Amino acid sequence: MKCDDYILRVEGLKKHFVLRRSLLTKILTRERDCTVRAVDGVDLVIRRGETLGLVGESGCGKSTLGRTILKLYEPTEGKILFRGEDIAGWRGKQMDLFRRSAQIIFQNPYASLNPRKTVRDILSVPLLKRGVKDPKEREEEMVTLLEKVGLKPWHIDSYPHQFSGGQRQRIGFARALAMKPEFIVCDEPVSSLDVSVQAQILNLLSDLQQEMSLTYLFIAHDLSVVYHVSDRVAVMYLGRIVETAPTEALFEDPKHPYTRALLSAIPSVDRETRRKRQILEGVVPSSIDPPSGCPFHTRCPQAFTECRLCAPRSVEVDSGHHVACHLYV
Amino acid sequence: MLRIHNLTTEFPTRRGAVRAVEEMSLSLQRGQIMGLVGESGCGKSVTLLSILRLVARPGRIISGSIHFEGRDILSMAPAEVRRIRGADIAMVFQDPLTTLNPVFRVGEQIRESLRVHRIGTGRTSRREERETVLSLMKEVGIPSPESRYWQYPHEFSGGMQQRALIAIALACRPKLLLADEPTTALDVTIQAQILELLSRINSERGTAILFVTHDLAVASEFCHWISVMYAGRIVEQGPVDEVIADPLHPYTEGLLRSIPRLVKPRRRLSPIPGDVPDLIGLTNRCSFESRCDRRMPECAERPVSLVDVGGGRHVRCILYE
Ligand SMILES: Nc1ncnc2c1ncn2[C@@H]1O[C@H](COP(=O)(O)OP(=O)(O)O)[C@@H](O)[C@H]1O
Ligand SMILES: Nc1ncnc2c1ncn2[C@@H]1O[C@H](COP(=O)(O)OP(=O)(O)O)[C@@H](O)[C@H]1O
Ligand code: SF4
Ligand SMILES: [Mg+2]
Ligand SMILES: [Mg+2]
């Protein structure tokens with residue numbers, strides 16, 4: 001693939017957290033330091049201008065992956081290529097540029113906004129970072145930003161608590177957009193909103209994408225939302241990507257047994273789209289001590305000997321449709 | 001079995017009275033599953049709490065009646081309400097940890113709920129009780145109940161905690177289960193398991209369920225009837241398949257257009273403009289008026305009530321009066 005086809009590419013990315021126990025705990029409970037393998041070997045390509053959906057159950061590592069990609073966490077292992085260049089050695093100016101081009105929006109708009117700051121204060125920070133020094137110019141740009149995200153110019157002197165959940169999420173966007181980013185990680189941006197407001201925000205995201213040629217990594221646990229917004233979808237399980245495909249291909253013909261079970265569980269108002277439920281037995285194993293071989297083998301209805309022994313490589317089963325499962329090698 | 005008539009529950013606040021539930025009427029037959037659907041703050045939880053007379057002060061029930069098997073809960077003596085609570089009507093909450101006590105073993109907590117409601121119905125031995133608990137744990141799908149019995153709530157996953165909660169609720173063989181968003185905090189695969197369990201309980205035991213959810217898709221798969229709430233009032237009610245296929249109230253219609261659906265081709269969503277109103281100072285006019293795409297001058301001028309449009313369907317909208 002040529003480097004200008006994708007904006008970001010990760011290879012063999014790992015992020016492990018070490019949980020340290022105090023000496024006392026070690027003596028009393030015999031628990032030792034342990035490692036949470038939150039992201040455990042991810043290869044992923046994000047193409048310019050697309051929305052890549054990232055789905056999986058809570059704790060599978062979606063947020064950690066999103067943050068590691070942005071270097072908000074130092075990767076334990078693996079490569080991150082931004083516009084074709086390895087960002088590992090980036091410092092100073094280069095890193096600043098990366099920090100500006102790649103933004104993140106969080107689920108809880110309230111927690112991510114300082115309650116004692118007005119919208120003006122909140123938006124000034126990124127604008128100053130970008131070097132917009134003239135107050136008048138800054139003011140003008142803030143008003144433009146507010147209008148862009150569907151707020152009114154007079155909102156500029158309000159505090160976060162004076163806004164509804166949906167409006168706070170809009171402020172979060174305005175703050176991210178103030179950096180003129182190319183790439184935004186949206187970490188569950190609509191999960192805490194009511195459906196009627198959620199729809200407004202989803203439309204806003206898609207309008208902004210068109211207008212400003214943005215690329216999104218869209219993290220969500222709501223599969224209907226992901227189906228709606230994504231060009232391609234990656235399915236994550238226990239720190240690894242098990243399947244990636246164009247959205248419609250994935251929903252019409254899921255290959256990985258985990259994807260199949262996951263999609264079968266989606267509740268739907270439309271009878272014709274309901275699938276036969278495949279109830280998964282057992283619980284998600286811990287990412288402290290993940291299973292050997294395929295991470296899904298402890299719950300997979302189709303597992304065979306091979307699955308317990310070695311981790312399946314990802315193979316392309318159809319154009320752009322990648323699966324990591326021994327059934328397809 | 002359950003007939004709520006004109007229930008109004010209010011919370012006085014500094015800014016004025018919050019009518020969390022207003023003129024709520026709803027009835028539920030034996031063995032039925034009724035979904036109570038609406039966005040956050042529309043009064044779903046307060047409705048359930050009102051049924052059990054558990055509304056926290058300074059909130060209070062202002063008017064209405066709640067008949068359960070022919071008798072009005074609102075005019076019962078407190079002792080009698082306590083007997084009904086748990087014995088005939090049980091409740092399951094969204095967050096299991098509000099019910100489960102972290103310092104007691106799960107099995108013992110289920111046994112405790114057996115005992116509390118067995119008062120006066122003869123003695124049972126500890127062993128018999130334990131047997132009953134184990135079979136309950138098995139019924140709700142808790143694997144290896146013998147060892148799980150002795151574990152603490154934090155040793156259970158979220159889905160397992162919810163199962164334990166359901167076991168506690170079922171311990172007294174209730175006729176009616178009030179479930180307040182029992183699957184909202186769970187992953188979809190676990191949600192599917194819990195909904196399957198509740199369906200099974202409903203069909204095997206004939207337990208009626210009043211199921212609160214903000215998720216129209218969950219309600220449409222799981223419930224027989226639904227009541228759609230907006231700003232403290234029921235705006236539409238009817239058999240679930242009919243309401244979904246042919247929504248009458250502009251709010252129900254709007255909700256269905258707002259949710260991303262799994263159909264092809266994918267279309268742009270049509271959100272309902274504006275925000276959910278705050279429940280202070282609402283009048284008896286339609287509270288959806290400011291957001292409604294079919295409003296007429298009349299909507300802001302005269303009161304609107306829930307009308308029977310036939311076929312078990314009810315709507316609160318001037319278009320149907
Ligand atoms: N800062 C951290 N320190 C230790 N463990 C963490 C940290 N962040 C996440 N984890 C663990 O990593 C795993 C993945 O978490 P996360 O990325 O938040 O998952 P998701 O976003 O898919 O729900 C979980 O087991 C979580 O407990
Ligand atoms: N203890 C309380 N004090 C004041 N207002 C309350 C209280 N409990 C609930 N309310 C109000 O009643 C309305 C309905 O709440 P609730 O029934 O919890 O909504 P939901 O539909 O999300 O379950 C909300 O607007 C809420 O602010
Ligand atoms: S009464 Fe009027 S405003 Fe209310 S929902 Fe009906 S049409 Fe809309
Ligand atoms: Mg997350
Ligand atoms: Mg509630």
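In the predicted model, ligand 2 is surrounded by Phe11(B), Ala20(B), Glu39(B), Ser40(B), Gly41(B), Cys42(B), Gly43(B), Lys44(B), Ser45(B), Val46(B) and Leu279(B), a residue being counted if one of its heavy atoms lies within 4 Å of the molecule. Residues are numbered from 1 along each chain as its sequence is written, chains are lettered from A and ligands numbered from 1 in the order in which they are written, and side-chain values use heavy atoms, with hydrogens and water left out. Local features need pLDDT of at least 70 and side-chain atom pairs count only at pLDDT 80 or more, whereas totals for chains, interfaces and linings use all residues.

The shell around ligand 2 comprises five nonpolar, four polar and two charged residues; in this division Ala, Val, Leu, Ile, Met, Phe, Trp, Tyr, Cys and Pro are nonpolar, Asp, Glu, Lys and Arg are charged, and the others, Gly among them, are polar. Helix 1 (residues 44-51) of chain B contributes the most to this shell, with three residues; helices are DSSP runs (H or I, at least four residues) numbered from the N terminus.

Oxygen atoms of ligand 2 lie 2.7 Å from a polar backbone atom of Gly41(B) and 3.0 Å from one of Gly43(B). A backbone N or O atom of Lys44(B) is 2.8 Å from an oxygen atom of the ligand. Ligand 2 taken alone exposes 560 Å², of which the protein buries 64% (Shrake-Rupley method, 1.4 Å probe).

In chain A, six of the eight residues of helix 2 (residues 62-69) are buried, that is, under 20% relative accessible area (1.4 Å probe, protein chains only). These are Lys62(A), Thr64(A), Leu65(A), Gly66(A), Thr68(A) and Ile69(A). Helix 2 of chain A is followed by Lys71(A), with a positive phi near 65°.

Key. Buried means under 20% relative accessible area, exposed over 50%, partly exposed in between (1.4 Å probe, protein chains only). Helices (H or I, at least four residues) and strands (E, at least two) are DSSP runs, numbered from the N terminus. A polar contact is a pair of N or O atoms within 3.5 Å; within protein, one must be able to donate a hydrogen and the other to accept it, and residues adjacent in sequence count only if both atoms are side-chain atoms.
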